[in-house]
Structures are given as structure tokens and as C-alpha cells.
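Q: Please take a close look at a single part of this structure, one strand and the contacts that tie it to its surroundings. A connected account would be preferred to a list.

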Amino acid sequence: MGNPNIDASEFRQVLGKYPTGVTLVSAKDGNGPFAMVIGSFGSVSLNPPLVQFMPGKESATWSRIAQTGSYCVNILSENQLDLSNSFFDKEKDPFDAIEWREGLTGSPIINGCSAWIDCEIGEVHEAGDHYIVIGKVRDMGSEGSDDGPLLFLGGAYGSFDELKES
């Protein structure tokens, strides 16, 4: 297994040198829409089209998503920091203040996001204190925004302005 001598805070600090995109993984059940902010999202396969994200094993939101059988990965744009932060407020339902529509699977697509990937849950693998969730892509799209992605690096949010110039 892993090295028990690796300090968790040092591990986090070292990995914090690598930027991650900020996504909102959303789903909908009998109680309405809900979502979780995820930085561990990526492509897995082109054929068949598969993606992955890694929720914590203790996440109550992941447990709810798992029960629905589907989810949508909303790739947030650099101007959606406030939207991202609203999902950490346990006092208010962020879906009351944002516009969204249902995707093919019924999962919420957040208006104004850079892109979205609507998925059916495929395989789920245990990986330490997280799961690796493989999503079978059922539909996807881009909102056509020129805004760059919302990024997270070294404990702070930011953007990558050079994307606009390429």
C-alpha cells in the first residue's frame, strides 16, 4: 500500500502545486436538485466516452447521487466563483438562486457554465478514502462562453487568462 510516513498536510501542500478545474457535479432526486463541488474530474476514454470524478467516501451528497444512477458534471467558468461558493452554504439552497435545466438523464445543467457532461453512473471503485466514479457519457454540450475555466491552485481560486488568447 502507500507509505505510512507521508505526512497528510505535506501531501496536500505538494499536490496543491498542481491546478485543478472546478466542477459542480449535480443530480436530482425526489427532493429536488442538489450538487457538490469537485476538483477531481477528468476524461477516461474516447471510445466509449467515459469520464471520472472522485468523491469522498464520507460524502452524504455522493451517497444521494449514487442512488439516482446519474449525474451531470458542470464545468464552471471563471466568472462563477460565487456560484461555486454558494454550494458550501448549508443554510440556503443554491438552486433557489440559479438558473438550470434538466439534462437527458434528468440531472441539472447549470446555465452559464463553460461546458457540461451528462452521465449515467458506470463503475465505482474504492480508492483509499475516496471512490473513483466512472461515468458513461450520455450527452454533453458547451455554453459557448469565451470565459476561461474556474481553477483551484494552492488553496485559492483563479483563472487562466491565456486560454482566451489561444
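A: A suitable point of entry is the salt bridge between the side chains of Lys28 and Glu102, with an N to O distance of 2.4 Å. The model is a predicted one. Lys28 belongs to strand β2 and Glu102 to strand β7 (residues 100-102), so that this pair links distant parts of the chain, 74 residues apart. Lys28 counts as partly exposed because its relative accessibility is 34%. Glu102 is likewise classed as partly exposed, at 45%.

The strand that carries Lys28 deserves attention in its own right. Strand β2 spans residues 23-29 and is mostly covered, five of its seven residues being buried. As a general point, the side chains of a regular strand alternate between the two faces of the sheet.

Strand β2 has pairing partners to consider. With strand β3 (residues 32-38), β2 pairs in the antiparallel sense over seven bridges. The connection from β2 to β3 is a hairpin through two residues, and Asp29 stands opposite Gly32 in β3. With strand β6 (residues 70-75), β2 also pairs in the antiparallel sense, here over four bridges. Within that pairing, Thr23 has Ile75 of β6 as its bridge partner.

The interior comes next. The largest nonpolar core has 16 residues, and Val25, Phe53, Trp62, Ile65 and Tyr71 are those that touch the most other members. At least two residues of this core come from each of β2, β3, β5 (50-53), α2 (60-68), β6, β9 (115-127) and β10 (130-142). Another core, of ten residues, lies apart from it and includes Val22, Phe87, Phe95 and Ile98. In soluble globular proteins generally, nonpolar side chains tend to be buried together.

Val22 also leads to a serine. Among the residues that Ser84 touches are Val22 and Val37, together with Leu76, Leu150 and Tyr157, when residues up to four places away in sequence are not counted. Ser84 lies in helix α3 (residues 81-86), and it counts as buried because its relative accessibility is 0%. A second serine, Ser114, is found in the loop between β8 (108-110) and β9. Ser114 is also buried, with a relative accessible area of 14%, which is under the 20% cut-off. The C-alpha atoms of Ser114 and Ser45 are separated by 21 Å, and these residues are 69 apart along the chain.

To return to charged contacts, the count of salt bridges comes to four. One of them joins Glu126 and Lys57, whose closest N and O atoms are 2.8 Å apart. This pair links distant parts of the chain, 69 residues apart: Glu126 is in strand β9, and Lys57 is in the loop between β5 and α2. Glu126 is exposed, with a relative accessible area of 63%, whereas Lys57 is partly exposed, at 27%.

A further salt bridge brings together the side chains of Glu120 and Arg138 (3.2 Å, N to O). Glu120 lies in strand β9 and Arg138 in strand β10, so the pair ties together parts that are 18 residues apart in sequence. Glu120 is partly exposed, with a relative accessible area of 30%, and Arg138 counts as partly exposed at 40% relative accessibility.

Note on methods: Residues numbered from 1 in each chain as written. Predicted model: local features only at pLDDT ≥ 70, side-chain atom pairs only at ≥ 80, totals over all residues. Heavy atoms only, no water. Buried < 20%, exposed > 50% of the residue type's maximum accessible area, 1.4 Å probe, protein only. Pairing = 2+ DSSP bridges. Core = buried A, V, L, I, M, F, W, Y, C linked by side-chain atoms within 4.5 Å. Contact = heavy atoms within 4.5 Å.
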